[in-house]
Amino acid sequence: MSIIVENLTKAYGPQKAVNNISFEIKTGEVVGFLGPNGAGKSTTMKMICCYMTPTNGDVKLDQYSILSEPEEIKKRIGYLPENNPLYTDMPIIEYLRFTAEIQGMEKSRISERIHEMVELCGLDVEKHKKIGELSKGYRQRVGLAQAMIHDPEVLILDEPTTGLDPNQIIEIRKLIKKLGKEKTVLLSSHILSEVEATCDRILIINKGRIVADGTSSTLRQQAQGQELLTVQIEAANGEVQKELLKLASVATVEPVEDKDGFFRVQSKPDSSSRKPVFDLCVKKKWYLTEMTGIETRLEDVFRELTN
Ligand code: ADP
Ligand code: MG
């Protein structure tokens, strides 16, 4: 089941928390919704899940629209809200039974389904406890079990790993990856490594607008623009920098501070200087002892887009 977001807008008074965004998530994709706090992630997710009506625009799950068929949408969506509100007085099993009934599941299927969710989310050892007695990690598992109880085709997870310790984060990530094999998943986070570890594709949102959309490697490439190399050249004379600059593909050459024979070579847009640098060294009988590309880190991309 695919998610199609069309010109979605939410205004709180004069502020547009979500400002005319459009994107599509295909069946079986796991997409990360990345952005700083206040970017509009939760607001977007609430609208997708019919917990909030948009000021403008629409969301469709295949042919169903949030505007005209919210009941059809809710049946097909599992939602883990931000901060995962739960009834702390209820034991896990009772709570899951309660949510299954709210979802309108067939009575005869409920017990079996609860059992499946307990297994899948690793709740077995704690299953007789009240929710209030659980650690944060286990509460999050209950939240995921609750979101999936009615076997929805689409999962919307709002910051699913917030507040977990590193071991729990790894566990929940594994679980999401496993789920992602069958379901369409949109998960939000303000942490880059989080979405890089779990998602096929990343949407970056900032101030209510989508500012990037792609895989982590395409986002890196987009930001990279011009190739940047570090080279080390051993030559008897001092003409290396001058000769490098003469190469047709080279835009700038700078010696690296405190490192003899090292240069930072920036290429012109859409060209590479790797082979020309090598050929030059051969021609001049210089030793090329090192050549490395400097990768743009995804953190830099994120900071550039959201600063
Ligand atoms: P995120 O989940 O990316 O951190 P939110 O969607 O929660 O961002 O919030 C986006 C913006 O909308 C923020 O500036 C926030 O203060 C504002 N906002 C969210 N909910 C409300 C509300 N109920 N009333 C007024 N402003 C709100
Ligand atoms: Mg949020």
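**Exercise 1. Place Thr-44 in the fold and state whether it is buried or exposed.**

Thr-44 is found in helix H1. Helices (H or I, at least four residues) and strands (E, at least two) are DSSP runs, numbered from the N terminus. The model is predicted: local features need pLDDT of at least 70, side-chain atom pairs count only at pLDDT 80 or more, and totals for chains, interfaces and linings use all residues. Residues are numbered from 1 along each chain as its sequence is written, chains are lettered from A and ligands numbered from 1 in the order in which they are written, and side-chain values use heavy atoms, with hydrogens and water left out.

Step 1. Buried means under 20% relative accessible area, exposed over 50%, and partly exposed in between (1.4 Å probe, protein chains only). Thr-44 has 0% relative accessibility and therefore counts as buried.

Step 2. Contact means heavy atoms within 4.5 Å. With residues up to four places away in sequence not counted, Thr-44 touches Leu-8, Val-18, Ile-21, Phe-33 and Ile-205.

**Exercise 2. Identify the protein donors of the magnesium ion (ligand 2) and locate them in the chain.**

Step 1. Donors are N, O and S atoms within 2.8 Å of the metal (3.2 Å for Na, K and Ca); water is not among the atoms, so sites may look incomplete. The protein donors here are Ser-42 (OG) and Glu-82 (OE), at 2.0 to 2.2 Å from the ion.

Step 2. Ser-42 belongs to helix H1 (residues 41-48) and Glu-82 to the loop between E6 and H3, so that the pair, 40 residues apart, links distant parts of the chain.

Step 3. Ser-42 is buried, at a relative accessible area of 12%. Glu-82 is partly exposed, at 34%.

**Exercise 3. Describe the surroundings of two residues of strand E7, Val-154 and Asp-158.**

Step 1. Val-154 is in strand E7 and, at 0% relative accessibility, counts as buried. Leaving aside neighbours within four places in sequence, the contacts of Val-154 are Met-1, Ile-3, Leu-61, Arg-76, Ile-77, Gly-78 and Thr-184. Val-154 and Cys-49 are 105 residues apart along the chain, and their C-alpha atoms are separated by 10.0 Å.

Step 2. Asp-158 is also in strand E7 and is buried, with a relative accessible area of 1%. Beyond its neighbours within four places in sequence, Asp-158 is in contact with Ser-42, Met-45, Leu-80, Pro-81, Glu-82 and Ser-188. Two of these contacts, Ser-42 and Glu-82, are the protein donors of the magnesium ion. Asp-158 and Asn-83 are 75 residues apart in sequence, with 8.2 Å between their C-alpha atoms.

**Exercise 4. Check the length of helix H5 and find what covers it.**

Step 1. The expected span of a helix is 1.5 Å times one less than its number of residues. For the 13 residues of H5 this gives 18 Å; the end C-alpha atoms are 19 Å apart, which agrees.

Step 2. Of the 13 residues of H5, 11 are buried, so the helix is mostly covered. Among them are Tyr-138, Arg-141, Leu-144 and Gln-146.

Step 3. The cover over the buried residues includes E6, H3, helix H4 (107-120), strand E7 (154-158) and helix H6 (166-180).

**Exercise 5. Compare the linings of the largest pocket and the largest cavity.**

Step 1. On a 1 Å grid over the protein atoms alone, a cavity is a set of points where a 1.4 Å probe fits but cannot get out, and a pocket is an open set with protein on both sides within 12 Å along at least five of seven lines; lining residues have an atom within 4 Å of a point. Grid points are joined across faces, edges and corners, and a volume is the space filled by probe spheres set on the points.

Step 2. The largest pocket holds about 580 Å³ of space. Its lining has 23 residues, with Tyr-51, Tyr-79, Ile-102, Gln-103 and Gln-146 nearest the centre. Helix H2 (70-76), strand E6 (77-80), helix H3 (92-102) and helix H5 (136-148) each supply at least two lining residues.

Step 3. One cavity of 30 Å³ or more is counted, and the largest cavity has a volume of about 30 Å³. Glu-159, Ser-188 and His-190 are among the residues that line the cavity.

Step 4. Ala, Val, Leu, Ile, Met, Phe, Trp, Tyr, Cys and Pro count as nonpolar, Asp, Glu, Lys and Arg as charged, and the others, Gly among them, as polar. The pocket lining has 13 nonpolar, five polar and five charged residues; the cavity lining has two nonpolar, five polar and two charged.
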